[in-house]
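Subject: Handover of a structure

Dear colleague,

I am passing on the structure below, together with some notes on what turned up when it was examined. Please read the notes with the coordinates open beside them.

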Number of protein chains: 2
Amino acid sequence: MVKPTVHDIAREAGVSLSTVDRVLNGRADVRPKNAERVKAAVRKLGYVRDTNAANLAKQRRYRFAFVLPEGPNHLVETIVAAIHEATWAQVADRTEFRILSVNAADPHAVVDNLNALDLSSLDGVAIMVPETPQVRDAIAHIKSAGIYVVALVSDLPNSGCDYFAGIDNFSAGKTAGALLGKFLRNETGSILVVTNSMVARDSIERRFGLDEVLSGEFPHLKTLPTIEFHDDAERIRETLGHAVRSNPDLKAVYSMGSGNAAMLDALRTQSGLSDLIAIAHDLTAVTRQALLDGELDAIIAQNVGHLVRSAIRVLRAKCDGADIYEAQERIRIEIIMRENLY
Amino acid sequence: MVKPTVHDIAREAGVSLSTVDRVLNGRADVRPKNAERVKAAVRKLGYVRDTNAANLAKQRRYRFAFVLPEGPNHLVETIVAAIHEATWAQVADRTEFRILSVNAADPHAVVDNLNALDLSSLDGVAIMVPETPQVRDAIAHIKSAGIYVVALVSDLPNSGCDYFAGIDNFSAGKTAGALLGKFLRNETGSILVVTNSMVARDSIERRFGLDEVLSGEFPHLKTLPTIEFHDDAERIRETLGHAVRSNPDLKAVYSMGSGNAAMLDALRTQSGLSDLIAIAHDLTAVTRQALLDGELDAIIAQNVGHLVRSAIRVLRAKCDGADIYEAQERIRIEIIMRENLY
DNA sequence: GTTGACCAGACATACGTATGTCAATTACCG
DNA sequence: CGGTAATTGACATACGTATGTCTGGTCAAC
């Protein structure tokens, strides 16, 4: 009934502890016949290695780095906060972190930073930058050093990452579309879509998802072309004003990502916009307050704390060669309103 | 830079390992002066006990029991599945579970089962039953044996539990109300509220939350009295039909908890109800399918996998006398539509 | 000055695994 | 058959913590 140990395996297989160890850890110099007996014993007794004891013996340390975009970004700030929050819980688990800020807008700077990582002192990296050919190469280099890589928030589908921790942005866009459609059922009108930049793949995917749902299920609603405002508060205010004037049937605004603050600011200072439906992405200090103030009707978010913890767990599992507990790691697309705000 | 161990503490404090141990584990026979020196050293070096090593040395086993309502209940079934799933995961190492099914509708049966627990072979219990005076007493008895108790799904606020793992049902009701209000903005009409039973405090709290939001923010919507149908599919079908006929302005149905299947069945077989807004609680096989089929517009749910893992982590933390990682343990009120279904 | 209570320290052993050394056995080749 | 290489076993030590035993010291009360 008790958990079998390597000793039990050795006894059952009729070999020595050393041989069991050699088999279990894939070392050389074991006769196939004995290896098979050991494996049979493992199966028969249902042995599972005690990772904690193993880590203790090995003096295992998990050394991870987070590579995040620098600059003022509310989402990144909440991610950093989540990392720091996880730190104290993880020291006890022999895990340590490094946070690296890179100028995500400059591919060369990103690559320089990635290449400057001291690979010999790292076991895994979580990366949140847009995918470019240079980034792909840098990741290939990191991986060739035997370091595990997970993409964070925004997927790097062509870079051979070991995992993607984040939401499916296409579905997130669809969710926004469905919400808008249901909020505006029985109404016709148009929807303004804004974002900071459409080069980030998140925004592109969200826009696709939005359009698919709206055109498919809510054809009475029309989406206007995406307005990009590149960190320029003045521009969004101006553009928003213009859009309102030229679209008297405007019913809703959908902010697809970074730049929520500027959008909210514009909404607030323009008159006659207060009865627009407004949906934004990401739960940050700014959007939270807007939700409480009734300026936003709903937020589409991913749970950043969960995201960070998940990335850490996945990196550890990869290092241990262990399975990933999918159900636990799935990052959900959350719909947050004032009433279920946490 | 490396993690300090008890040896470092002993050296720093100028005492022996034994004394450090006596202080750390709250044993007697330590002069206050020395105890203080040890504590100072702990603070200075930032020592945190390596729980894994400690558990190894102690041969620690965590023995937990789940007390769940018996009978056909989709939510409970998903909880049981989540417990079994957790068994294979990291959260559950050195942990063994017992699942106890009780007839939650019969307070005496519940208490008999609680009293029949072998307290000497238990470290913690997670309980999901309605609170009655008898249950309160039984829990007091369990706690007096030094066993930790967490309330699951439905709070037991007067029973001195160590923790409540679940959502705030008042807020869940408010969330449903807000969703209904926004789905039906610019419309007047009435909303049908159904549940299996209003004795469960969940339903009562949800109803309060619903009413508060609707009457406060959406006064154009009227809620009808709650219909209870006590596991009687025939009854709900009949009552629903009657409600529809006598309320021609019916716009939505809100199912507050168990009994979703019967409600959906009734919705399906009655004619002319297909354009009602329908919101239900709990993501189960039944509600999931209804969401996919478009019969439900949204589901208010708690992540059952998270709920179970959280209860386990909290029980373990209590047993270890460790802190609870609040941000991780908060169970969120999820809004699930077809597009963000997982 | 002896007794006993209290307090401290030294030391050993254990948990399950990893990893090393070294000698002993076995298999294979010619 | 001998010789060599491949394989194996026995044993020791370690990781950080828990826990026991045994010895020795201090201090107050008798």
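The notes that follow take up the DNA, then the two protein chains, and finally a pair of helices.

Please keep in mind throughout that this is a predicted model.

Around DNA strand D there are 25 residues, of which Ser16(A), Arg31(A), Thr5(B), Ala54(B) and Ala57(B) come nearest. Both chains take part in the surface near this strand, since α2 (17–24) and α4 (51–58) of chain A, along with α2 (17–24) and α4 (51–58) of chain B, each supply at least two residues. The element that gives the most to the surface near DNA strand D is α4(B), with five residues. Sorted by class, that surface holds eleven nonpolar, eight polar and six charged residues.

Turning to the protein chains, 32 residues of chain B are in contact with 31 residues of chain A. On the side of chain B that touches chain A, the elements that give two or more residues are α4, α8 (169–183), α13 (304–320), α14 (326–329) and β12 (334–336) of chain B, and among these α8(B) gives the most, with six residues. The residues on this side of chain B divide into 13 nonpolar, seven polar and twelve charged.

How are the two chains related? A turn of 179° with a shift of 0.1 Å along the axis lays chain B on chain A with an RMSD of 0.3 Å, and this is therefore the relation of a two-fold axis. Within chain B, the C-alpha nearest the axis belongs to Phe183(B), at 2.3 Å from it. The same surface serves both copies, in that 91% of the contact residues of chain B recur in chain A.

One helix pair within chain B may also be useful to you. The axes of α1 (residues 6–13) of chain B and α3 (residues 32–45) of chain B come within 9 Å and cross at roughly 120°, which means that α1(B) is oblique to α3(B). The crossing in which α1(B) passes α3(B) is right-handed. From α1(B), the contact is made by Asp8(B), Ile9(B), Glu12(B) and Ala13(B), while α3(B) brings Arg37(B), Val38(B), Ala41(B), Val42(B), Lys44(B) and Leu45(B). By class, the residues of this contact of α1(B) with α3(B) comprise six nonpolar, no polar and four charged.

With best regards

Key: Residues numbered from 1 in each chain as written. Chains lettered and ligands numbered in written order. Predicted model: local features only at pLDDT ≥ 70, side-chain atom pairs only at ≥ 80, totals over all residues. Near = placed C-beta within 6 Å. Helix = DSSP H or I, 4+ residues; strand = E, 2+ residues; numbered from the N terminus. Nonpolar A, V, L, I, M, F, W, Y, C, P; charged D, E, K, R; others polar. Contact = placed C-beta atoms within 7 Å. Least-squares fit on C-alpha atoms with pLDDT ≥ 70 in both. Axes fitted to C-alpha atoms, helices over the stretch in contact; angles between N-to-C directions. Parallel < 35°, antiparallel > 145°, perpendicular 65-115°, else oblique. Left-handed = near helix turned anticlockwise from the far one by under 90°.
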